[in-house]
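Thanks for coming. I have one model to go through today, and I will keep to a few features. Please have a look at the sequence and the structure first.

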Amino acid sequence: MAELGLREPVIFELSRPGRHAGTQFPPRVAGTAQVPAHLRRAAPPLLPAVSELQVVRHFTRLSQMNFSIDTHFYPLGSCTMKYNPKVCHTLASLPEFLGRHPLAPESQGQGFMACMYELQEMLKDITGMQGVSLTPMAGAQGEYAGVAMIRAYHRAHGDLARSEIIVPQAAHGTNPATATMCGCSVREIPCDANGDVDLDALRAAAGPQTAGIMLTNPSTLGVFERRIEEVARIVHDAGGLLYYDGANLNAILGKVRPGDMGFDVIHMNLHKTFSTPHGGGGPGSGAVGVGARLLPFLPIPLVGREGGRYRWLTEKDAPQSIGRLSGFAGNAGVNLRAYIYMRLLGREGMIRVAEYAALNANYLMKRLQAAGFEAAYPGRRASHEFIITLKRENRDHDVTAMDVAKRLLDYGFHAPTTYFPLLVPECLLIEPTETEAKEDLDRFCEAMSAIRHEMAHDPGKLSAAPHTMPVRRLDDVRAAKQLDLAWKPAA
């Protein structure tokens, strides 16, 4: 466990008989005698007896132990852990938005619906798509919607044999799972030595069974797929469609549009790219955009405009829709934050997002290379992220990527993504994002250089890291299989 007394006690360990926070007691409810006797408690609930100050300090200290984008550099590759302006949250939390009931008549929601309509239009513009639905509640659900629309398109054309999804090695790990959930089989194809899709393998894989291909551009290898137009031509000539995983959209905002690359459907992680804090399992929004072929199949409801009024488009307007993916119309709060963020940035601001994301990534890659680290694709320019491989360090010093990740905690940094993508040994996938200052990137490089020195002179310090955290290195497998989060009183 902890060293130097850093362990925060379980709140029950602070409990003493007779302590309480009297001002926070809920009011007594009259009429409890009407509750049947067999439903009444025989004993009070097992809660800690602590003062209000103890509660405040305890949970404040716990919050300070978290790594977050508000407190630390968080270069988690392929996840775009960037700072999100607080003004977006403030404006999305205006009482007029918070007080709107999702079942309220359209006449009482025209302001909100106008925002959502404009958000649909802006997303169409920056992606090159012809229609957008905001209803998917997460990136995974946006993926599901994309493949479901591809399947619905082929079925509508009587092409029932098309049930295979091609997935390159550099695709996101969720892509094969999504294809399988939609009833498709998955066919993986390799990438070449430069990180591009192997076109010969793609030609061999594409055929009458091909429903589509799932990939992102830039790819998870941190490089731009240079022959994307040829990829699109091969898949389209075979009768398949192209799905764009929007996890890396931050890299190309305002620079190039997936629709212009030949993609037929895209999901966008509004919680990653457009100003909602990302991580911890939510909240999210996986809006989907489609080209002309898939317009009839968009999930509902959509926001339509007739004259100066807005209305919900439902099954009556889109009889071929794949249906509803959320109880109402998506995650309103996340969608509002995205709308406000895009209005604040404007077209020029979104271009700067991509430019600074690429600039920071390439600066960081060059500095780490100069410090002796090996880039996985040294002949390629980084997009918004890049990969460092520690295979040489693993061979020479018996140090792993996970050792480096744990040691970075002692230096005050969250680790980059480790061991993904799987085709790069001892992989660190690093994404600095556009919101980090040069000084913070330099501090990260200095920490990595110090760790590199430790590899050669004191590798045991890495294998035993972290040394300064409240909890030392855990048995990840045991923690996953035997997770124990419940406190039990001593017998």
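I start with the largest pocket. Helix H13 gives the largest share of its lining, 4 residues. Keep in mind that this is a predicted model. The space in the largest pocket comes to about 1100 Å³. Its lining counts 31 residues, and those closest to the centre are Lys-406, Leu-409, Val-471, Arg-472 and Leu-474. Two elements give two or more residues to that lining: helix H13, which covers 401-410, and helix H16, which covers 476-481.

Next, the sheet. What is the order of its strands? The order is S10-S11-S13-S12, in an open sheet of 4 strands with antiparallel pairing. Strand S10, at 374-375, and strand S12, at 417-418, are the edge strands, so each one pairs on one side only. As a reminder, strands of a sheet pair through backbone hydrogen bonds, either parallel or antiparallel. Strand S11, residues 386-389, runs antiparallel to strand S13, residues 427-430, and 4 bridges join the two. If you want one position to find on screen, take Phe-386, which has Ile-430 in S13 opposite.

Last, the surface. Val-87, Leu-91, Leu-94 and Leu-344 make a nonpolar patch of about 300 Å². One of these, Leu-91, is in helix H2, residues 86-92. Is Leu-91 buried, partly exposed or exposed? Leu-91 counts as partly exposed, because its relative accessibility is 31%, and the partly exposed class lies between under 20% for buried and over 50% for exposed.

That is what I have on this one.

Note on methods. Residues numbered from 1 in each chain as written. Predicted model: local features only at pLDDT ≥ 70, side-chain atom pairs only at ≥ 80, totals over all residues. Heavy atoms only, no water. Patch = residues over 30% accessible without salt bridge, like charges linked within 9 Å, V, L, I, M, F, W, Y side chains within 5 Å. Areas by Shrake-Rupley, 256 points an atom, 1.4 Å probe, with all protein chains shown as cover. Salt bridge = Lys/Arg side-chain N within 4 Å of Asp/Glu carboxyl O. Buried < 20%, exposed > 50% of the residue type's maximum accessible area, 1.4 Å probe, protein only. 1 Å grid on protein atoms, 1.4 Å probe; cavity = no way out; pocket = protein on both sides within 12 Å on 5 of 7 lines; lining within 4 Å. Points joined across faces, edges and corners; volume = space filled by probe spheres on them.
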